[in-house]
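Hi,

Here is the structure I promised to pass on. Have a look at it first, and then read my notes below.

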Number of protein chains: 2
Amino acid sequence: MANCIVAQSGGPSSVINATLAGIIKANQLNPIYGRVLGGINGIEGILQERFVDLTKMTEYENLVLRQTPSSALGSCRYKLKRDNLEDFEKIMNIMEKYDVETLFYIGGNDSMDTVASLSEYAAKNHITNRRFIGCPKTIDNDLEQIDHAPGFASSAKFIATTAWQCWQDVNVYPSSRKEVFILETMGRDAGWLAASACLSEIVDVLIVPEVNFDRDTVLEEIRSCIEKKSKCFVVISEGAHYPDGTYVSAGEARNDLFGHAVLGGAGKELAQMIYDAGISERCKVQDLANAQRCHASEQSLVDVTESFRLGMSAHMRSSDPKFTGKMVSIRRRTDVEEYDVEFTAVDADRVANFVRNFPVKWLLPDFRGITEEAIEYMRPLIQGTPDIIMKNGLPEHTVPYYMRDCEIEKL
Amino acid sequence: MANCIVAQSGGPSSVINATLAGIIKANQLNPIYGRVLGGINGIEGILQERFVDLTKMTEYENLVLRQTPSSALGSCRYKLKRDNLEDFEKIMNIMEKYDVETLFYIGGNDSMDTVASLSEYAAKNHITNRRFIGCPKTIDNDLEQIDHAPGFASSAKFIATTAWQCWQDVNVYPSSRKEVFILETMGRDAGWLAASACLSEIVDVLIVPEVNFDRDTVLEEIRSCIEKKSKCFVVISEGAHYPDGTYVSAGEARNDLFGHAVLGGAGKELAQMIYDAGISERCKVQDLANAQRCHASEQSLVDVTESFRLGMSAHMRSSDPKFTGKMVSIRRRTDVEEYDVEFTAVDADRVANFVRNFPVKWLLPDFRGITEEAIEYMRPLIQGTPDIIMKNGLPEHTVPYYMRDCEIEKL
């Protein structure tokens, strides 16, 4: 019986490990592969033959893995280039050496390009007994050919929860005190994450990359909000930019006490604009930074369950010898009223290197937030709270495999 | 039957409302007071006779209140000054007008000063039928005369959880990539919050206000850590300062209405030092900012339960006509092996305007973290996860009373 490799790539998410857990569990339910090997640090570690054997993971380990954020197998930013044939040959040789029939690659659109290029290479070279299958993940929700990307909903839930809580925080002082709160989220090209803050229903001003930043309009909206209720809650994507493409965060360097230039994030730059315009003397900035992609305490049950099942679906489909160059995808059912999904397969090269933006038609004019339709799209995704296994007062987590001395012997 | 007022002051926490909920519930179990009035925006709103009637809150509302972060009654930074007799007279008159026998004030050490000064004023003026009782809260854990302050543990749990998760995040890339992660916490004078990150057991370098910032030693520790394992996880208090008292974040410092410095930015300053010293080309900074005091999703069950019971204890003790000028406190039991507490009372003026620092003897040398004794002190406080009532995928929250049109008619 041949083996399979699972590896992870790109930025972490709160549920990327659930897809890994799904593949492992599916192989226990129906052992298509003799061994499920975890590839350490994505394609980069596979090229170095760094593997762990995950075949016999216990149910408890599997449950803990599902609730562990970030990539338990480690990640990489290494990208296969189609003209670097050496890498492709090496991967085929390693797969042969370890008797690996299928490589599951969990990641974003760069990873889908890896899947597509490996599968193209195999086809061109008449290698028919190797399959390459992509499992999507990205908190940014900017993947094409899928209703929503696993990982997005848990980040959205964290962002919306934090927005609500920070809004509670900023409002506690008497209304005479003017105050602007700015929440900065990730999202270089796509505004999904920033928009998800609107699930809290308290966002006054929303700035996403899909609409050029217009200083005057934004400041006018904030000023009018402050005049009306003395507080204003702003959400801004890190990728907010001017019409010429310059990032808001690329604003002027300021010198700190030590004479060093300090570049602020988009939120800090906006705060400075607000000070300069005399709109409010108080601006607090909360940059969610890394926490928004790894704060698994806000895992959405829908998200983690779908991610797990997506892994199972990928494993089950992979028994078809012709199933290669595909990404397993999620389609929202339209034949039923309540929210439900079905798993499908799409060609990986239709996902690779595309970006799906937040629909501009879902944005209200003048940076005033999002439409009801957008809320209806996102709301079902953040439902449910998984039971979290705790240890010593903190969530129990899988110790990352890339840190363990448990790599399998090189054959 | 006379009435009581409950009000909240100072910065928000994840469990300050649990103390309010405890007072309300205790009065339902044993109606000492005809009405439990919520004072809006602390002493400032009381002076304006802004009240809501909380007497008949339902059990569901009470449960939701306990899980709602920040101050549902609003807060203030208004401080009674002992030489401003007008305020004191006005408060006594308002209490008489509304037939209020007891004022419960939930807050930090500024609030305990309010309790002490009101009680002193009443004593001096032979006003014997008014009682002033303090209920402690502060995420900073810097109150004297108490084992630990309600609110600290939930923030500690959020910080330690986030530290663990961010550490997972920063480590996913191959070990050849050098990277420093800097987590910045609140804590102007006391390092409790920063130290609590060490509950995650992954902190390499810890910088708190209790030990002067020593640039050379800190950078040397980070450099040695990077050389050893190519990653380094640093936690720094916003109040980290040089021997002459200058804050590390001095470039960003401003003063608030009380003349306290508004901090934030120590992490960014440190990142710049790391770049300048050529230790690592990658430094990520996560400033937990407001989220650490209002991210109620990480409420510790121990913390929220103790806060609730502390409110009940304050209410029950207040039936004693002589119980005034006191703060209800928490003492850790030493007569049993497992963690347990008892509630006591201390003079509010022994708490007011003091700061309890993180014990220097609990700090390891050269900014290397904290001792096992410190961990043993904190670990029991973060235990347990409350069942959270959800709505639409987000935690159900009490709509702040200061935003409602439900103020009671002025008599």
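To start with, which residues of strand 1 of chain A are buried on one side, and which on the other? On one side they are N3(A), I5(A) and A7(A), and on the other C4(A), V6(A) and Q8(A), so both faces of the strand are covered. Strand 1 of chain A spans residues 3-8, and since 6 of its 6 residues are buried, it is largely enclosed by the rest of the structure.

Before going further: this is a predicted model, with an ipTM of 0.95 and a pTM of 0.96. In chain A the average pLDDT is 94, and 95% of the residues score at least 70. There is one stretch to watch, residues 252-263 of chain A, where pLDDT stays under 50. The model still has 30 contacts for that stretch beyond four places in sequence. Where pLDDT is low, the predicted coordinates should not be read in detail.

Back to strand 1 of chain A and its partners. With strand 4 of chain A (residues 100-107) it pairs in the parallel sense, over 6 bridges. One of the residue pairs there is V6(A) with F104(A), its bridge partner in strand 4 of chain A. Strand 1 of chain A also runs parallel to strand 2 of chain A (residues 36-39), and 4 bridges join the two. Here A7(A) has G39(A) as its bridge partner in strand 2 of chain A. To get from strand 1 to strand 2 of chain A, the chain passes through helix 1 (residues 16-29) of chain A, a β-α-β crossover that is right-handed.

Now the two copies. Chain B superposes on chain A with an RMSD of 0.1 Å after a rotation of 180 degrees and 0.0 Å of shift along the axis. That is the relation of a two-fold axis. As for how they meet, 86% of the interface residues of chain B are also interface residues in chain A, so the copies meet through the same surface.

In chain B I looked at an open sheet of 4 strands, which pair in parallel in the order 7-8-6-11. The edges are strand 7 (205-207) and strand 11 (283-287) of chain B; each has a single partner strand, so one side of each is left without a neighbour in the sheet. On average, neighbouring strands in this sheet are turned by 15 degrees against each other, direction ignored. Strand 6 (residues 179-185) and strand 8 (residues 231-237) of chain B run parallel and are joined by 7 bridges, and T185(B) stands opposite S237(B) in strand 8 of chain B.

Helix 8 of chain B (residues 215-229) packs on this sheet and touches strands 6, 7 and 8 of chain B, its direction making about 150 degrees with that of strand 8 of chain B. Helix 9 of chain B (residues 266-276) lies across strands 6, 7, 8 and 11 of chain B, at about 155 degrees to strand 6 of chain B.

One last residue: is D142(B) buried or exposed? It has a relative accessible area of 13%, which means D142(B) is buried. D142(B) sits in the loop between strand 5 (131-136) and helix 6 (152-171) of chain B. Leaving out residues up to four places away in sequence, D142(B) touches A190(B), W192(B), F354(B), V355(B) and R356(B). L193(B) is 51 residues away from D142(B) in sequence, with 9.9 Å from C-alpha to C-alpha.

Cheers

Conventions
Residues are numbered from 1 along each chain as its sequence is written. Chains are lettered from A and ligands numbered from 1 in the order in which they are written. This is a predicted model: local features need pLDDT of at least 70, side-chain atom pairs count only at pLDDT 80 or more; totals for chains, interfaces and linings use all residues. Side-chain values use heavy atoms; hydrogens and water are left out. Copies are superposed by least squares on the C-alpha atoms of residues with pLDDT of at least 70 in both. Contact means heavy atoms within 4.5 Å. Two strands pair if DSSP finds at least two bridges between them. Axes are lines fitted to C-alpha atoms, for helices over the stretch in contact, and angles run from 0 to 180 degrees between N-to-C directions. Buried means under 20% relative accessible area, exposed over 50%, partly exposed in between (1.4 Å probe, protein chains only). A crossover is right-handed if, with the strands pointing away from the viewer, the path from the first strand over the helix to the second runs clockwise. pLDDT is the predictor's confidence in each residue, from 0 to 100.
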